[in-house]
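Hello,

Here is the structure I promised to pass on to you. Have a look at it first, and then read on for what I found in it.

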Protein chains: 2
Amino acid sequence: MAKELKELTSRAKDYSQWYQDLVIKADLAENSAVRGCMVIKPYGFAIWEKMQRQLDDMFKETGHVNAYFPLFIPKSYLSREADHVEGFAKECAVVTHYRLKNDPEGNGLIVDPEAKLEEELVVRPTSETIIWSTYKNWIQSYRDLPILVNQWANVVRWEMRTRLFLRTTEFLWQEGHTAHATREEAIAETEQMINVYAEFAEKYMAMPVVTGFKSESERFAGAEETYTIEALMQDGKALQSGTSHFLGQNFAKAFDVQFTDQNGKLEYVWATSWGVSTRLMGALIMSHSDDNGLVLPPKLAPYQVVIVPIYRNEEQLQKVNEKVKGITERLKALGISVKYDNADNKKPGWKFSEYELKGVPVRLAIGARDLENNTVEVARRDTLTKETLPMDGIENHIKQLLDEIQENIYKKAVDFRESQTREVNSYDEFKEEIEKGGFLLCHWDGTPETEALIKEETKATIRCIPLEGDKTPGKCMVTGKPSAQRVLFARAY
Amino acid sequence: MAKELKELTSRAKDYSQWYQDLVIKADLAENSAVRGCMVIKPYGFAIWEKMQRQLDDMFKETGHVNAYFPLFIPKSYLSREADHVEGFAKECAVVTHYRLKNDPEGNGLIVDPEAKLEEELVVRPTSETIIWSTYKNWIQSYRDLPILVNQWANVVRWEMRTRLFLRTTEFLWQEGHTAHATREEAIAETEQMINVYAEFAEKYMAMPVVTGFKSESERFAGAEETYTIEALMQDGKALQSGTSHFLGQNFAKAFDVQFTDQNGKLEYVWATSWGVSTRLMGALIMSHSDDNGLVLPPKLAPYQVVIVPIYRNEEQLQKVNEKVKGITERLKALGISVKYDNADNKKPGWKFSEYELKGVPVRLAIGARDLENNTVEVARRDTLTKETLPMDGIENHIKQLLDEIQENIYKKAVDFRESQTREVNSYDEFKEEIEKGGFLLCHWDGTPETEALIKEETKATIRCIPLEGDKTPGKCMVTGKPSAQRVLFARAY
């Protein structure tokens, strides 16, 4: 692979092309032969695995357990909850037959018309219906509650326009589905999980998020309330990064799931569901990366440190190898993941740009002079700076440096978001400002009509009604009617 | 849940019903509303997660990385490899449409005839075809090889008769797909992975296996050689527990995947694939469990120790709680997972049988007298024995005990298998012996015809041609023709 092949379109020139180039060239994912479905390549998958592991730990710490429910959902189940079917029926993959056969007329493999299913099956776009049909058998009494279950799974939504990670027909996600005895407990769970997502986004992805409610028209199909975390990408567009839904008793009623409470009274069960998906990969990429490639937060980097030897002959390489062995052991003892790339068929310069492209947080280079002086060159991916440091105690320096990088990219993202967030008070101003991108905090009268008008005229949507921040009432920028608080507008992915 | 509900059918009375009861009553899995698809419940999934984690570590230690490929396979891809399509076309779920709509005639939700796919998609029964169509773009030169990729995924094979874990329409598995520059390297990989499976089965599942080749008629559809590990269940039937396939250049040729070798010559790539599935859960259950419930090897138990308090009043419970806190901390410090069940709405006797049913390897009970004497009652699930021991240093005793239990259940399974394995020299004897179950080592002339005759007449199949053991040639028990070595026969799941 020649170096020029690696060059990315710059963000300034074409942000969307930059993203596409980066996903492909950093070996994260690619389009497959199946329309809208992606192949997640090993390097991309290694990042996703880090995310999964961390999220899974956080779910378990908050008392959840994993389980697995069927991929297929009987068609009739989807219809049980009226809003839910409205939201998902139009974009689902439908299994109608269970066998192929050789065409007796010689046209190769055809669907066997005799193997038609009595009831069609839908490939799950989300699992509320199949799960609540199962919970019906698990729940009789308040003693069976709460149920705190999560599943890691693939889901399919037949999207017309797809983009790697951001919107794909099949994607990977986790979906939590909990059942509770009271409304209060279910709401507390919904809030707990959006907070887990916010913590994960900020502490691990180094991505600041705004937490809030969705407006009614942006709610999950079947939810009474949807909480969301919204992040701002470098092109000024918002990206919804995780949602947690308070489902009320909607699914319990649809599937007749009742329990006997402590007073012996029969009640419908209260529900929540919450999920994040491989879309987070897109969010991660677009939050931090630059025209040289990926910038990964150390906490999610498949390897945090790469070491590149600089040598002129085999003898020098042997000496560097020896030295690196010691450093690697000391770094690993501190829990730092390290890759040593002493492949002989690539030049150091090629390796430098390769690991820049792949976003490895810290690069060490060791050459003959370093061996003489007992030094090492330390390069940071986030700032693209480098310095030569004494070898002794370098592992502790790097441990600290990784924390510093994690903090620095978070701070950079926070600063960027702050610079792109502003209050706007008139609709004229809004129309002008929205063209510049970013988060706009505005008064809105709370009606779906005004919301729809704004979307129609400006392509901006209400990202959320923030939970924190200024709660001063005001007047809707469009209609002048009363507004309870400013809400967050943006154009979004 | 009353105690009597928990009682299992005994193995002697009805082995198959015992298995079904156990899977349901130990909360491992249940049938879903979708024919042939199971719900894996949290306790069952926790065991599967332990298996996954260990296998994943072993794959990574042997140089593999994870990736993810699409759920759907274009119909035409299946046909590319002649044997492969023969093996899978007859049992696959076919997606023909991508949208539902409301019937204008008021019959509810129907498949939208306008949303018919140009080419039908098959839900993957296995991923060789979609993966090799992808590898075509990844491989140009010998420098791109080997590719050592694994994926954890769900697959669907439309089975007519299903049984929880053992044979389900949808199941979870991992599938490794590797690409190599030489035949020798691919064969070495195939062998390495069957050895990884054998090691996992024996060291972690405590389940002895026979490693060998499949006969031609039992090979994976598209393979040149299939290696298998075969385990013997307590009812004397064999269970194929993992397979590793040397695929030759079949898929490279089907998808035109060629590479330039070190001499500049264009060659087809050599392939392997290998997999184990949630079927291993069935193997685990049937290897060790008894009429009281599950028996889990400590290395795969979701919790290795359960502690039950015995008390007459709140004051006593408080004291036991205090004591347990210390023990739990000391056990955890040794890496032992512990559950303390001090729920007040269940009696100790109920808890004892519950954890017996769930196969927890060690149970501790602590009562008032134990507090006085500074002792604890230690019960082993594998032997159903118990003894009262001094509290001091109990954590070290338990650590050792867990190792002992792991070894003991392995040894028990080995002894059982040895008692059920015998050499048989005539077909008459074979017909008699096969009725008793177990592994029969017999001479076979190597022809599919003789193999088919034996299967037809006795329902026994060749489980494998063992890699180890007696290699003395002989004469086929059916035809008297020459036989290279004894092969392993059994009736199988």
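Let me start with strand β27 of chain A, residues 486-490, in what is a predicted model throughout. Five of its five residues are buried, so β27(A) is largely enclosed by the rest of the structure. This holds for both faces of the strand: A:R486, A:L488 and A:A490 are buried on one side, and A:V487 and A:F489 are buried on the other.

What does β27(A) pair with? Strand β23 of chain A (residues 439-443) runs antiparallel to β27(A) and is joined to it by four bridges. Strand β24 of chain A (residues 461-466) is antiparallel to β27(A) as well, with three bridges joining the two. If you want a residue to centre your view on, try A:L488: A:L441 stands opposite A:L488, and so does A:C464.

While you are around β24(A), you might look at A:E218, which sits in the loop between β11 (210-213) and β12 (225-232) of chain A. Is A:E218 buried or exposed, or something in between? It has 19 C-beta neighbours inside 10 Å and therefore counts as partly exposed; the cut-off for a buried residue is 20 or more. Apart from neighbours within four places in sequence, A:E218 is in contact with A:T461 and A:I462. For a sense of distance, A:L71 is 147 residues away from A:E218 in sequence, and their C-alpha atoms are 26 Å apart in space.

Chain A also has an open sheet of five strands, in the order β18-β17-β19-β20-β21, with mixed pairing. At its edges stand β18 (338-340) and β21 (386-390) of chain A; each has a single partner strand, so one side of each is left without a neighbour in the sheet. Ignoring direction, neighbouring strands here are turned against each other by 25° on average. On the β21(A) side, strand β20 of chain A (residues 375-380) pairs with β21(A) in the antiparallel sense over five bridges, and A:T375 stands opposite A:P390.

Two helices go with this sheet. Helix α12 of chain A (residues 394-419) packs on the sheet and touches β17, β19, β20 and β21 of chain A, with its direction at about 150° to that of β19(A). Helix α10 of chain A (residues 348-357) lies across β17 (305-309) and β19 (362-366) of chain A and runs at about 170° to β17(A).

Next, a helix pair in chain A. Helices α2 (residues 42-61) and α6 (residues 183-204) of chain A pack with their axes 11 Å apart, at an angle of about 140°. That angle makes α2(A) oblique to α6(A), and the crossing is right-handed. Which residues meet there? From α2(A) come A:Q54, A:L55 and A:M58, and they meet A:V196, A:F200 and A:Y204 of α6(A). By class, the residues of this contact are five nonpolar, one polar and no charged.

Over in chain B, there is an open sheet of eleven strands with mixed pairing, ordered β3-β9-β10-β16-β13-β12-β11-β24-β27-β23-β22. Its edge strands are β3 (65-66) and β22 (421-423) of chain B, each pairing on one side only. At the β22(B) edge, three bridges join β22(B) to the parallel strand β23 of chain B (residues 439-443), with B:R422 opposite B:L440. Helix α8 of chain B (residues 279-288) packs on this sheet, where it touches β10 (170-180), β12 (225-232), β13 (238-248) and β16 (270-277) of chain B; the direction of α8 makes about 145° with that of β13(B).

Finally, where the chains come together, the contact takes 54 residues from chain A and 54 residues from chain B. The side of chain A that touches chain B has 34 nonpolar, ten polar and ten charged residues. Strands take part too: β5 of chain A (residues 94-97) and β5 of chain B (residues 94-97) pair in the antiparallel sense over three bridges. Within that pairing, A:H97 stands opposite B:V94.

Enjoy looking through it, and do write back with any questions.

Best wishes

Key:
Residues numbered from 1 in each chain as written. Chains lettered and ligands numbered in written order. Predicted model: local features only at pLDDT ≥ 70, side-chain atom pairs only at ≥ 80, totals over all residues. Contact = placed C-beta atoms within 7 Å. Nonpolar A, V, L, I, M, F, W, Y, C, P; charged D, E, K, R; others polar. Pairing = 2+ DSSP bridges. Buried ≥ 20, exposed ≤ 12 C-beta atoms within 10 Å, placed from the backbone. Axes fitted to C-alpha atoms, helices over the stretch in contact; angles between N-to-C directions. Parallel < 35°, antiparallel > 145°, perpendicular 65-115°, else oblique. Left-handed = near helix turned anticlockwise from the far one by under 90°.
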